[in-house]
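The exercises below invite the reader to study a protein chain in a predicted model. Each task is followed by a solution in steps.

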Amino acid sequence: MRIAFLTAPEGVEQVELTEPWKAAVDAGHEPVLVSTRPGTVQAFHHLDKGDTFPVQEVVGETSADSFGGLVLPGGVANPDFLRMDAKAVAFVRDFFDRGRPVAAICHASWTLIEADVVRGRELTSWPSLRTDVRNAGGTWVDEQVKVCDHGPNKLVTSRKPDDLKAFCETFLDVFAAEGASQGV
């Protein structure tokens, strides 16, 4: 399965990009780094600069139709930049419209909120986003990983980097099951 990993040009929490990416590769999937601009993505270790990663596809030049699923890594700045980019928000919404699975960790729920796709859904996130989730019509839960199927697609969410092992295992299981049912 081709899996889109959507990040802003800077601000993604490196471990929330690299661990799910490695898990996808190890499971035989094809992760694709998608961003709002061509070039590279500057990752961070909390507030310190980390590594850079090459952008493979650009929002607005690709669509959810060419992917089996979407992973939204966190970092505080990353989803804040993404939610201000109309094409990135539309790209995320398109996965929900097409019924494709989405996985989001930590602060990435801000992008989901901006895409108006959390209404009626149960999800988790970094704890400081719980009021944002509730105000957007979602139900926030304090769980290591949450799978919600109360909507057009499966939504997998986790709270923080400490949850990455469970997050990776769960989104890979969900994506594999959804991919099999969609013939992807």
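**Exercise 1. Describe the stretch of residues 1–172: what are its helix and strand contents, and how far apart are its end C-alpha atoms?**

Solution. Step one takes the composition: over residues 1–172 the chain is 30% helix and 30% strand. Step two takes the ends of this stretch, whose C-alpha atoms lie 10 Å apart. Step three turns to the record: an unreviewed UniProt entry lists residues 1–172 as "domain: DJ-1/PfpI".

**Exercise 2. Characterise the protein chain as a whole, beginning with how many helices and strands it has.**

Solution. The count of secondary structure gives six helices and twelve strands. The next step is the radius of gyration, which is 14 Å for the protein chain; the globule rule gives 16 Å for 184 residues, and the two values are close, so the chain is as compact as a globular protein of that length. Along the principal axes, the C-alpha trace spans about 40 × 35 × 30 Å. Buried residues account for 54% of the 184 residues. The exposed surface comes to about 7,900 Å², of which carbon and sulfur atoms supply 47%. Finally, consider contacts between residues at least 6 apart in sequence: 64% of them join residues at least 24 apart.

**Exercise 3. Determine the strand order of the seven-stranded sheet and identify which strands stand at its edges.**

Solution. Reading across this open sheet, the order is E6-E3-E1-E7-E8-E12-E11, with mixed pairing. Strand E6 (57–58) and strand E11 (145–148) each have a single partner strand, so each has one side without a neighbour in the sheet and stands at an edge. Within the sheet, strand E1 (residues 2–7) and strand E7 (residues 69–72) are parallel and are joined by three bridges. As an example of this pairing, Phe5 stands opposite Val71 in E7.

**Exercise 4. Analyse the three-stranded sheet and state which helix packs on it.**

Solution. The sheet is open, its order is E2-E4-E5, and its pairing is mixed. The edges are formed by strand E2 (10–13) and strand E5 (48–54), each of which pairs on one side only. On average, neighbouring strands here are turned by 40° against each other, direction ignored. Strand E4 (residues 40–45) runs antiparallel to E5, and five bridges join the two. At one of these positions, His45 has Asp48 in E5 as its bridge partner. The helix that packs on this sheet is H1 (residues 14–26), which touches E2, E4 and E5. The direction of H1 makes about 60° with that of E2.

**Exercise 5. Decide whether His107 and Val118 are buried or exposed, and list their surroundings.**

Solution. The first step is to locate each residue. His107 lies in the loop between strand E8 (102–105) and helix H4 (109–114), while Val118 lies in the loop between H4 and strand E9 (122–123).

The second step applies the cut-off for buried residues, which is under 20% relative accessible area. His107 has a relative accessible area of 7% and is therefore buried. For Val118 the value is 0%, so Val118 is buried as well.

The third step examines contacts, leaving aside neighbours within four places in sequence. Those of His107 include Gly74, Gly75, Val76, Pro79 and Trp126. Val118 touches residues including Leu112, Ile113, Leu123, Val133 and Ala136. Lastly, Val118 and Leu155 are 37 residues apart along the chain, and their C-alpha atoms are separated by 9.4 Å.

Definitions and conventions: Residues are numbered from 1 along each chain as its sequence is written. This is a predicted model: local features need pLDDT of at least 70, side-chain atom pairs count only at pLDDT 80 or more; totals for chains, interfaces and linings use all residues. Side-chain values use heavy atoms; hydrogens and water are left out. Two strands pair if DSSP finds at least two bridges between them. Helices (H or I, at least four residues) and strands (E, at least two) are DSSP runs, numbered from the N terminus. Axes are lines fitted to C-alpha atoms, for helices over the stretch in contact, and angles run from 0 to 180 degrees between N-to-C directions. Contact means heavy atoms within 4.5 Å. UniProt positions are given in the numbering used here, feature names are shortened, and annotations may be inferred rather than shown by experiment. The radius of gyration is taken over C-alpha atoms; the globule rule is 2.2 Å times the number of residues to the power 0.38. Buried means under 20% relative accessible area, exposed over 50%, partly exposed in between (1.4 Å probe, protein chains only). Accessible areas come from the Shrake-Rupley method with a 1.4 Å probe; for residues, only the protein chains shown count as cover.
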